[in-house]
Amino acid sequence: MRSSSYTLGVGALLLAVLGSGGCSSAEAKQEFTVPKSLCGVSVPSQSLSRLLPASGKRISVQQEGAWDKDSPLCKVTVDKHLVLVVSTEWVYSGWSARHVLVERLGLWQQKSADGGAVVYSDQAAASVVKCQDAGVKKFDVSTFIKVLEPGRRDEKAMGQLMRGYNNSLKPQDLCNPSSE
């Protein structure tokens with residue numbers, strides 16, 4: 001009886017050692033280089049990294065549309081999976097960043113920064129740049145960021161990403177796209 005329980009104990013220990021060794025060596029990681037900008041706009045790459053998948057080999061950043069003709073869309077893919085989008089569009093003057101996030105995703109639970117110019121959650125963020133000083137009376141410019149699976153949700157990283165993105169924008173270029 002003793003020898004069979006001893007054999008079972010040694011067998012269990014051996015399985016545990018082999019099992020744990022296999023898991024740690026197969027641990028996934030980000031093999032891609034996290035970009036320092038998204039479609040020409042500088043971003044805090046450390047915050048962006050925390051929103052991208054924990055593993056992956058290839059990353060691609062692609063812009064669709066041009067600001068002077070359209071609302072541009074910046075798409076981030078990892079291993080051919082769309083994981084993050086950034087869009088910029090005209091919104092009616094008076095819309096707040098909070099209104100944009102509620103309108104786009106129905107997200108009522110939000111944190112805010114920069115006096116309410118930026119709002120964010122663990123999966124999305126919005127900002128509004130006022131254009132009245134640039135002579136545009138009816139419209140302002142909104143930026144919207146959304147993380148998609150297999151991207152990761154991280155409220156703090158999303159807030160930092162949107163604030164960094166916003167700080168890199170030039171309001172005069174946003175409000176007067178034909179001046180570029």
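1. Glycine 106 is a good place to start in this predicted model. The residue sits just after α3 and adopts a positive phi of about 70 degrees. If you are checking backbone torsions, have a look at glycine 106 there.

2. Now to the helix itself. Helix α3 covers residues 97-105, and its buried residues are Ala97, Val100, Leu101 and Val102. What do the buried residues of α3 pack against? Their partners are four strands: β5 (81-92), β7 (118-120), β8 (124-129) and β9 (139-147).

3. The side chains offer a cation and a ring to inspect. Arginine 104 lies over the face of phenylalanine 144, with a distance of 4.0 Å from the ring centre.

4. On the aromatic side, the structure contains three aromatic pairs. One aromatic cluster is formed by Trp90, Tyr92, Trp95 and Phe139.

5. Next, the cysteines. Searching the whole structure turns up one disulfide. Cysteine 39 and cysteine 74 are the residues joined, at an S to S distance of 2.2 Å. Their link is right-handed, with 85 degrees about the S-S bond. Distant parts of the chain are connected this way: cysteine 39 belongs to the loop between β1 (37-38) and β2 (41-42), cysteine 74 belongs to strand β4 (residues 73-78), and the two are 35 residues apart.

6. One last point on the same cysteines: is each one buried or partly exposed? Cysteine 74 counts as buried because its relative accessibility is 4%, under the 20% cut-off. Cysteine 39 has a relative accessible area of 25%, so this end of the link is partly exposed.

Key: Residues numbered from 1 in each chain as written. Predicted model: local features only at pLDDT ≥ 70, side-chain atom pairs only at ≥ 80, totals over all residues. Heavy atoms only, no water. Phe/Tyr/Trp six-rings, centres within 6.5 Å; stacked < 30°, edge-to-face > 60°. Lys NZ or Arg CZ within 6 Å of the ring centre and 35° of its normal. Buried < 20%, exposed > 50% of the residue type's maximum accessible area, 1.4 Å probe, protein only. Contact = heavy atoms within 4.5 Å. Disulfide = S-S within 2.5 Å.
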